[in-house]
Amino acid sequence: MSERIEHFAHLISLENGKASADAVGEASYAAEFFRWFSEEAVRAEGTISHAPSSGARILVQQKPAGIGLLITPWNYPAAMGTRKIAPALAAGCAVIIKPAAETPLTMLALMPVLEEAGVPNGLVNVLPTTHPGALVDHIMDDPRIRVVSFTGSTSVGKELLRNAAGQVLKPAMELGGNAPLIVFEDADLDTAVEGAFQAKMRNLGEACTAANRIYLHENIAAEFISEFVARMSKLKLGDGTDQRSDVGPLVNEETRTKVARLVEDAVAKGAIVELGGYAPEGPGYFYTPTVLSNVPDDADCIHDEIFGPVAVIQSFTDQDQVICRANDTEYGLVAYVFSKNMKRALNVCEQLEFGMVGLNRGIVSDPAAPFGGVKQSGLGREGGKDGMLEFMETQYISAAW
Ligand code: NAD
């Protein structure tokens, strides 16, 4: 896969619209899951310990859980698939992957690559469909399926969890997010602006990790906004497959309509448009990079996932208060903190009710790290050692020794 990054990147841009540099980033990230988990596969360790009360030995080992059903979203058609396939194979499980209806081609293109790499036929099966509900229910009813690993919206995740209960399937759920990004007055401003830009604009904001709410300490707010707007206003919109485009279109009209509605709602409630705030004329599902400041707490974009190129800015003065506001969401996937004072920054990180925190960084994703959220953002972790355990069951042998 890593020898064919351009091929995969082109396909991702064609089917989901993302700009080519972003697509190259995704394809490389996606391939790294195979590298990391192939290295991890050989380290399936167990333990032997003494049972103090009986004198027996406790042997504990991890075994493959069984066949996995993998369901992935359209926003990262390659990486959300490989983040599940690679640990499943490393754990010793066969899988059926159902890609999103909007983006089936990338996963189909991966199959000949897996075959060429020596993966036996039938171990990884891809099943595109435009009618996921009935098909997924049917597969989940089959007792040979033991794991259901889903990445997508919280509403569909909840439905799948209810269905998984029927066969007592092992669930792994990577769901929605509403990430806060907090910039303290002692942050390095250039680092914070660049970090906020990455956290907001990666994949055009169509990411569960996208900074949905940006909280600026009031002492640095004006300078931050001016630098951030300058950074955002340089972006060139265009066809995602054209190397000259910095940002491509949104995935479909429904997403664009939702983004436009959230902006209109915020402006009607008093937000100031610092940049953009409209869909340009002409073909394509484009929406201009947008910066809103002075956004009130009752604006819908504070509570809903925006999933578009709209930066929503609020200001704060008090540390405890901003932590409360950041935690005031049903989601708990990722938060971002910018401060040069490590003691304070780590203290704030610990108080944030999120599965991941980007500290002086606008990106958290890494194949070696446990990606995942708390609250309504999900169950379980993908990536790192935890990612493989999602496809394994613990067996304990009580041995007379
Ligand atoms: P979605 O929930 O609509 O679809 C996700 C997948 O589920 C698709 O393959 C879809 O075909 C399938 N699906 C839809 N309805 C189904 C049903 N009734 N039964 C079975 N399968 C069904 O989500 P989306 O719009 O594709 O993706 C956006 C969402 O995904 C956002 O909420 C985003 O935050 C989330 N997401 C989360 C992560 C994460 O790692 N936490 C990563 C990427 C995206």
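1. In this predicted model, Gly118 takes a positive phi of about 105° at a place just after helix α4. The helix that precedes Gly118 runs over residues 105-116, and its 12 residues should span 16 Å at 1.5 Å a residue; the end C-alpha atoms of α4 are 18 Å apart, which agrees with that expectation.

2. Within α4, the buried residues are Thr106, Met107, Ala109, Leu110, Met111, Val113 and Leu114. The elements that cover these buried residues of α4 include the helices α1, α2 and α3 (79-91), together with the strands β4 (95-98) and β5 (124-126).

3. Two of the helices that cover α4, namely α1 and α2, also pack on each other. The angle between α1 (residues 5-16) and α2 is about 125°, and their axes are 8 Å apart. Because an angle of about 125° is neither over 145 degrees nor within 65 to 115 degrees, α1 is classed as oblique to α2. The crossing of this pair, α1 and α2, is right-handed.

4. On the side of α1, the residues that meet α2 are Ile5, Glu6, Phe8, Ala9, Ile12 and Ser13, while α2 contributes Ser20, Ala23, Val24, Glu26, Ala27, Ser28 and Ala31. By residue class, the contact of α1 with α2 comprises eight nonpolar, three polar and two charged residues.

5. A second helix pair is formed by α7 (residues 189-201) and α8 (residues 221-233), whose axes come within 10 Å and cross at roughly 50°. The two helices, α7 and α8, are therefore oblique to each other, and α7 passes α8 in a right-handed crossing. The contact draws on Leu189, Asp190, Ala192, Val193, Glu194, Ala196, Phe197 and Met201 from α7, and on Glu223, Phe224, Glu227, Phe228, Arg231 and Met232 from α8. The residues of this contact of α7 with α8 divide into nine nonpolar and five charged, with no polar residue among them.

6. As for the geometry of α7 itself, its 13 residues reach 18 Å from the first C-alpha to the last, which is close to the 18 Å expected at 1.5 Å a residue. Just after α7, Asn203 takes a positive phi of about 55°.

7. Which residues of α7 are buried? They are Leu189, Ala192, Val193, Gly195, Ala196, Phe197, Ala199, Lys200 and Met201, so that a lysine, Lys200, is listed as buried under the cut-off of 20% relative accessible area. The cover over the buried residues of α7 includes the helices α2 (20-41) and α8, as well as the strands β8 (179-183), β9 (211-217), β12 (310-316) and β14 (334-338).

8. Two further residues deserve a look for their backbone angles. Asn294 has a positive phi of about 55° although it is not a glycine, and its place is in the loop between β11 (290-293) and α10 (300-303). At 51% relative accessibility, Asn294 counts as exposed, since the cut-off for that class is over 50%.

9. Lys375, likewise not a glycine, has a positive phi of about 50°. The location of Lys375 is strand β16 (residues 374-375), and with a relative accessible area of 38% Lys375 is partly exposed.

Technical notes
Residues are numbered from 1 along each chain as its sequence is written. This is a predicted model: local features need pLDDT of at least 70, side-chain atom pairs count only at pLDDT 80 or more; totals for chains, interfaces and linings use all residues. Side-chain values use heavy atoms; hydrogens and water are left out. Axes are lines fitted to C-alpha atoms, for helices over the stretch in contact, and angles run from 0 to 180 degrees between N-to-C directions. Helices (H or I, at least four residues) and strands (E, at least two) are DSSP runs, numbered from the N terminus. Angles under 35 degrees count as roughly parallel, over 145 as roughly antiparallel, 65 to 115 as roughly perpendicular and the rest as oblique. A crossing is left-handed if the near helix is turned anticlockwise from the far one by less than a right angle, and right-handed if clockwise. Contact means heavy atoms within 4.5 Å. Ala, Val, Leu, Ile, Met, Phe, Trp, Tyr, Cys and Pro count as nonpolar, Asp, Glu, Lys and Arg as charged, and the others, Gly among them, as polar. Buried means under 20% relative accessible area, exposed over 50%, partly exposed in between (1.4 Å probe, protein chains only). The expected span of a helix is 1.5 Å times one less than its number of residues.
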